[in-house]
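Please read the points below with the structure open beside you, and check each one against what you see.

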Protein chains: 2
Amino acid sequence: MLDKKGSVLTYVSSGCVKTTEGELPSRLKLILDNLQEVIMQYHPDQVAIEQVFVNINPKSTLLLGQARGAAICAAVLHNLECAEYTALQIKQAVVGNGHAKKEQVQEMVMRILSLTSSPSADAADALACAICHAHGGLGLGKISTAGYRMKRGRLV
Amino acid sequence: MLDKKGSVLTYVSSGCVKTTEGELPSRLKLILDNLQEVIMQYHPDQVAIEQVFVNINPKSTLLLGQARGAAICAAVLHNLECAEYTALQIKQAVVGNGHAKKEQVQEMVMRILSLTSSPSADAADALACAICHAHGGLGLGKISTAGYRMKRGRLV
């Protein structure tokens, strides 16, 4: 989670929700409850979520969809707007290169938020998504759209 | 929705939530809000949901997963247990044939619940899932497990 004052971004918190092995409904409840706790603790004004890839096997895609659905539900239950960005947009916004590696994303997240240690790769991804959103989804400067497809003003 | 008294099942209500064309978060919110309304109106004790197929394209699978995730969230938000059944189990329980056609499911749902008119195919599927659950997930009589794979006591 970030705080934005003018053009200054400040780190607030970050983390991962890890679900146990149990049945799907209780795992989704864990995601929902954990994210609702975070929302009630920090009262964010806006939420950003990464648009996921679907080039994995169908079972994983379905599972990922359900988990993502639960995460979005936590946001909409608190009437929070929920913006979506592709990995390409996020990397472009944070690193300046839509095909940047995980380590580069972690490095830039550390620099932008003046962190003294590197967040985990998953937490860095989430923070990068928030940074992308804080910069209007269009990065730290101009974004090249050459070679990308645009839909409703968004890179797809 | 069904009411079960002893071995007698009574129809309570059924319906479909149709989402509009908008952005994903608002569509998931519609599912969540509608199902929460139904839950608050009828106060069910248990929820059953169909395990979905994933042999469609990845984008549809992801979308279906997110919608299903929102539906399960509505149940778990009210601390309702949420049982899952495959289409095979449901058809086996209601029609006695795991590969029954949609029309046969509609016909049997009408008979079992003494309905005077046929519910829509989607509503019939949901009622069939509830009937399957009401009968302990194991159908109206004995269920043949020959040729099916069992996992934790469930057909998969």
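1. Across the interface of chain B and chain A, the rule finds 4 residue pairs in polar contact, both residues being at pLDDT 80 or more; a polar contact is a pair of N or O atoms within 3.5 Å, where within protein one must be able to donate a hydrogen and the other to accept it, and where residues adjacent in sequence count only if both atoms are side-chain atoms. Salt bridges number 0 across this interface, a salt bridge being a side-chain nitrogen of Lys or Arg within 4 Å of a carboxyl oxygen of Asp or Glu.

2. Please keep in mind that this is a predicted model, in which local features need pLDDT of at least 70 and side-chain atom pairs count only at pLDDT 80 or more, while totals for chains, interfaces and linings use all residues. Residues are numbered from 1 along each chain as its sequence is written, chains are lettered from A and ligands numbered from 1 in the order in which they are written, and side-chain values use heavy atoms, with hydrogens and water left out.

3. The contact (heavy atoms within 4.5 Å) takes 28 residues from chain B and 27 residues from chain A. Between them the two chains bury about 2,300 Å², 71% of it on carbon and sulfur atoms; buried area here is the accessible area (1.4 Å probe) that two parts lose on being put together, summed over both. In chain B, the residues that lose the most area to chain A are P25(B), L62(B) and V76(B), together 21% of what that side buries.

4. How do chain B and chain A relate to each other in space? A rotation of 180° with 0.0 Å of shift along its axis superposes chain B on chain A, with an RMSD of 0.0 Å, and that is the relation of a two-fold axis; the copies are superposed by least squares on the C-alpha atoms of residues with pLDDT of at least 70 in both. The same surface serves both copies, since 96% of the contact residues of chain B recur in chain A.

5. Two single residues deserve a look, with exposed meaning over 50% relative accessible area (1.4 Å probe, protein chains only). E37(B), in helix α1 of chain B, counts as exposed at 53% relative accessibility, and E37(B) lies 9.3 Å from A74(B), C-alpha to C-alpha, although they are 37 residues apart in sequence. D45(A) is exposed too, with a relative accessible area of 68%.

Definitions and conventions: Buried means under 20% relative accessible area, exposed over 50%, partly exposed in between (1.4 Å probe, protein chains only). Helices (H or I, at least four residues) and strands (E, at least two) are DSSP runs, numbered from the N terminus.
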